[in-house]
Amino acid sequence: MTRRHFLAAALGAFPLAVLRAAPNALSPLDEQSFRQMVAAHRGKVLLVEFWATWCAACREEMPKLLALRASYSAGDFAMVTISCDEPEQERGAQAFLEKQSAPSPRYIKRAKDDDAFINSIDPKWSGALPALFLYDRSGQLAAKFIGESSTASIQAAIKQALAEGG
Amino acid sequence: MDGESAKANLCQFALRAGISNANPWSIANLRRWNSLMKHWLAALILFLSAGALATAQEYQVGSTVADFQVKRLDGTPASFSTLKGNVTVVIFISVQCPVSNAYNERMNALYRDYSAKGVKFIFVNANHTEPAAAVEEHARQHNFAFAVFKDENNVVADKFGATVTPETYVIDANGTLRYHGSIDNSQNESRVTSFRLRAALDAVLAGKQPPQTETKAFGCSIKRASR
């Protein structure tokens, strides 16, 4: 293969590689798209998990939450993950979610102003991770878990939100 | 209060609760006493828990910071009153947290730049998972120009309401908390656009109000001791 042929083949393969990576890519999320995402889940109880690759407690919590998610009907309950990683950590986040078989869509926080983003979700939240926010079927915040939390307490909150109907 | 007036007060109190004077020890009256005592016990518990909440109140910007104790890495005690300066920075840091570690160089630079201006720094490790020996080794590996103190049982972190590392507090000469939040706005130094702690320090040193008094500190959660 000549150098020219090799270059052409490499250039031809590039868009394919991008397309192949696309299904696993993390969707950027800001204040507005966060609100839209919560609204789109109305009718279901929604658990939002804020995590990051650098957060050991988040990495430990993720498989427990995914197991919890699997125990509920998809028609009643949804869980989304929002990575708080920096752009250079995004590939690591993607790989971790892939390994965990985390459901899509998978989000990554990309706000112009992180403080404004955190305040828009809950002014009392310092931004500490892990952070879980549970929304009821009407899209209202029902419970939150900041820092390391017991699976039993998360489960109890989900159970209550599911029982409340809406 | 003498014995007689105490007795009179108790009678009045009993009458108000519907306990009649005719036969204070009748079954009906005993039930009322019982109910009365339950109410008072509930009120007492409420009062005591309100007191506990008041003492557990975390500092807010504008609060006066009371003296507190930390430990040097050799285990000897040190107090805020002896470590403080005209302007004091308290920074909660960690050995293992990648976000805290992303700030090691910046913290060294902050310490050098502002120590020269008379600012005192109290770097605190409140993670119960990180013993003094690990903190000492970490400081040595990263050539910290500053001392790190241990906050055993995270008493100081609780008082400040610190939840992550790194998380910073600026205290002025009067002991008033003037700034709380992050060092800057990005763990990646190349993307920093807002030097929040430096701006707060410059303002307080100049006798001015910091441009931002409260920002969101981001990082790893402080690993608290279970008490």
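## A walk through chains A and B

Let's start with a helix on a sheet: helix H4 of chain A, residues 90-100, lies across strands E2, E3 and E4 (106-109) of that chain, and runs at about 155° to E4(A). Keep in mind throughout that this is a predicted model.

What is that helix lying on? Chain A has an open sheet of six strands, and if you step across it you meet them in the order E1-E4-E3-E2-E5-E6, with mixed pairing. The strands at the edges are E1 (27-29) and E6 (141-146) of chain A, each of them pairing on one side only. Going from one strand to the next, the twist averages 25°.

Another helix to pick out is H3 of chain A, residues 56-70. It lies across E2 (45-51), E3 (77-83) and E5 of chain A, and its direction is about 165° to that of E2(A). So E2 and E3 of chain A turn up under H3(A) and again under H4(A), while E4(A) is listed with H4(A) and E5(A) with H3(A).

Now slide over to the E6(A) end of the sheet. Strand E5 of chain A, residues 131-135, runs antiparallel to E6(A), and five bridges join the two. If you want a spot to zoom in on, try Leu132(A), which stands opposite Phe145(A) in E6(A).

Chain A also has a couple of backbone details worth a look. As a reminder, most residues other than glycine have a negative phi, and most peptide bonds are trans. The bond from Leu129(A) to Pro130(A) is cis, with omega near -5°. Pro130(A) sits in the loop between helix H5 (114-121) and E5 of chain A. Then there's Ser101(A), a residue other than glycine whose phi is positive, near 55°. You'll find Ser101(A) in the loop that runs between H4 and E4 of chain A, the helix and strand we began with.

Over in chain B there is a cis peptide bond too, this one joining Thr165(B) and Pro166(B), with omega about -5°. Pro166(B) is in the loop between strands E6 (164-165) and E7 (167-171) of chain B.

What about salt bridges? Over all chains, the structure holds 15 of them. One that's inside chain B pairs Glu152(B) with Lys71(B), the closest N and O atoms being 3.4 Å apart. The two partners come from distant parts of the chain, 81 residues apart: Glu152(B) is in the loop between strand E5 (148-150) and helix H7 (155-160) of chain B, and Lys71(B) is in strand E1 (residues 69-71) of chain B.

That leaves the place where the chains meet. Here 16 residues of chain B are in contact with 15 residues of chain A. About 1300 Å² is buried between them, and carbon and sulfur atoms give 44% of that. Which residues of chain B lose the most area to chain A? They are Gln187(B), Arg191(B) and Lys216(B), together accounting for 43% of what the chain B side buries.

Arg191(B) also forms a salt bridge with Glu86(A), where the closest N and O atoms are 2.5 Å apart. Three salt bridges are found across this interface, and 10 residue pairs are in polar contact between the chains. On the chain B side, the elements giving two or more residues are helix H4 (98-102) and strand E9 (220-221) of chain B. Sort the residues on that side by character and you get five nonpolar, seven polar and four charged.

How values were computed. Residues numbered from 1 in each chain as written. Chains lettered and ligands numbered in written order. Predicted model: local features only at pLDDT ≥ 70, side-chain atom pairs only at ≥ 80, totals over all residues. Heavy atoms only, no water. Contact = heavy atoms within 4.5 Å. Buried area = accessible area lost by both parts, 1.4 Å probe. Salt bridge = Lys/Arg side-chain N within 4 Å of Asp/Glu carboxyl O. Polar contact = N/O pair within 3.5 Å; in protein donor to acceptor, adjacent residues only side chain to side chain. Helix = DSSP H or I, 4+ residues; strand = E, 2+ residues; numbered from the N terminus. Nonpolar A, V, L, I, M, F, W, Y, C, P; charged D, E, K, R; others polar. Pairing = 2+ DSSP bridges. Axes fitted to C-alpha atoms, helices over the stretch in contact; angles between N-to-C directions.
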